[in-house]
Amino acid sequence: IRVQDQALEALQAALGSDHQRTIVALSNAAAFKRTLGDWKSAARDFRDLLERQTRLQGPDHPVTARVMVQLATALLEQGVGSPDNPVLVEADTLFRRALGIFEAQLGPAHPQVGVTLSGLGVVQNERTLLQDALATQTRAVAVLRAALGDANQNTAVAVERLAIAHWRLGAPAEAIRLQREVLGSLLAVAGPKHQETARAQATLCSYLAWQREALEEAQRLCTDAL
């Protein structure tokens, strides 16, 4: 991050704030901070990036919309566990703006539409808008399955979020069924040693344990995840 910030400062001085190389450097810095889990700093950089990208390519360009999604995701992470946090309202707005751009520019069946819908559904879930989250995640899964198939990590993420929506609405059997699908997809796509596979195993373990179902399987899943 320190090296990238130095590069950003040098590029801004030499080429200006809105030069494409400067924008790439800012995007890289934000991505590094996101990887470290510094969501507040990442959100600040993504907000700056959104302003520059809007000036460079316009407010309705798909690249601008992708930055909206990145900013919305960073804000969402800041608001996890706090339904009344105002950052979640802004994240909701950004996801919806990006969704409108993607639908208009790329078409309603594009996988980016599904990914954006899935992010919006998480915001709705965090805001305890549970029926809205269920409807949004159902549509996200439909778009991603049609565009990418089941053996895809983006599809698996959306299905897992749909399972969470069912779980929170009091439909544990459907949540467990969907989480089994998620685990099967990740085993095929990422393999048994990937951290996303382990997380899916741990989630299914917790569902089964809460329901007092298949406890031997639940123990095996948690052991494998560990």
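## A small enclosed space

About 30 Å³ of space sits in the largest cavity of this predicted model. Searching the whole structure for cavities of 30 Å³ or more turns up 1. Its walls are built from Gln153, Ala156, Val157, Glu160, Val182, Leu186, Glu196 and Arg199.

Which elements give two or more residues to that lining? They are α8, α9 (172-189) and α10. Helix α8 puts in the largest share, with 4 residues. Sorted by class, the cavity lining comes out as 4 nonpolar, 1 polar and 3 charged residues.

## The largest pocket

Now for the open space. The largest pocket holds about 810 Å³. It is lined by 29 residues, and those closest to the pocket centre are Thr73, Glu77, Val122, Val157 and Arg161. Val157 turns up again here, having already appeared in the lining of the largest cavity.

Several helices share the job of lining the pocket: α4 (62-79), α6 (111-126), α7 (130-148), α8 (153-168) and α10 (195-210) each bring at least two residues. Which of them makes the largest contribution to the lining? That would be α6, with 8 residues. As for chemistry, the pocket lining is a mix of 11 nonpolar, 10 polar and 8 charged residues.

## Two nonpolar cores

In soluble globular proteins, nonpolar side chains tend to be buried together. Here the largest nonpolar core gathers 35 residues, and the ones with the most contacts inside it are Phe46, Leu71, Leu75 and Leu94. Helices α2 (20-35), α3 (39-57), α4, α5 (86-106), α6 and α7 each give at least two residues to this core. A separate core of 22 residues lies apart from it, with Ala165, Ala200, Tyr207 and Ala218 among its members.

Leu75 is a handy place to start looking at the larger core. Leaving out residues up to four places away in sequence, Leu75 touches Ala43, Arg47, Val87, Glu90, Ala91 and Leu94. One of those partners, Leu94, is itself listed with the most contacts inside the core.

## Two residues on α7

Thr136 is part of helix α7. Is Thr136 buried or exposed? Its relative accessibility is 11%, so Thr136 counts as buried. The side chain of Thr136 reaches the backbone oxygen of Asp132 at 2.9 Å. Setting aside residues up to four places away in sequence, Thr136 also touches Leu117, Leu120, Gly121 and Gln124.

Arg139 is found in helix α7 too, but with a relative accessibility of 34% this arginine counts as partly exposed. Outside the residues up to four places away in sequence, Arg139 touches Leu99, Glu103, Val113 and Leu117. Leu117 is also among the residues that Thr136 touches. How many residues apart in sequence are Arg139 and Asn152? The answer is 13, and their C-alpha atoms are 16 Å apart in space.

## Thr93 on α5

Helix α5 carries Thr93. At 41% relative accessibility, Thr93 counts as partly exposed. From Thr93 to Leu120 there are 27 residues along the chain, and the C-alpha atoms of the pair are separated by 9.0 Å. Leu120 has come up before, as one of the residues touched by Thr136.

## Two loop residues with positive phi

Most residues other than glycine have a negative phi, and most peptide bonds are trans. Two loop residues are worth a look with that in mind.

Thr128 has a phi near 60°, a positive value in a residue other than glycine. Where is Thr128? Thr128 sits in the loop between α6 and α7. With 44% relative accessibility, Thr128 counts as partly exposed.

Ala214 has a positive phi as well, near 45°, and is likewise a residue other than glycine. Ala214 belongs to the loop between α10 and α11 (215-225). Its relative accessibility of 41% means that Ala214 counts as partly exposed, the cut-offs being under 20% for buried and over 50% for exposed.

Methods
Residues numbered from 1 in each chain as written. Predicted model: local features only at pLDDT ≥ 70, side-chain atom pairs only at ≥ 80, totals over all residues. Heavy atoms only, no water. 1 Å grid on protein atoms, 1.4 Å probe; cavity = no way out; pocket = protein on both sides within 12 Å on 5 of 7 lines; lining within 4 Å. Points joined across faces, edges and corners; volume = space filled by probe spheres on them. Nonpolar A, V, L, I, M, F, W, Y, C, P; charged D, E, K, R; others polar. Core = buried A, V, L, I, M, F, W, Y, C linked by side-chain atoms within 4.5 Å. Buried < 20%, exposed > 50% of the residue type's maximum accessible area, 1.4 Å probe, protein only. Contact = heavy atoms within 4.5 Å. Polar contact = N/O pair within 3.5 Å; in protein donor to acceptor, adjacent residues only side chain to side chain.
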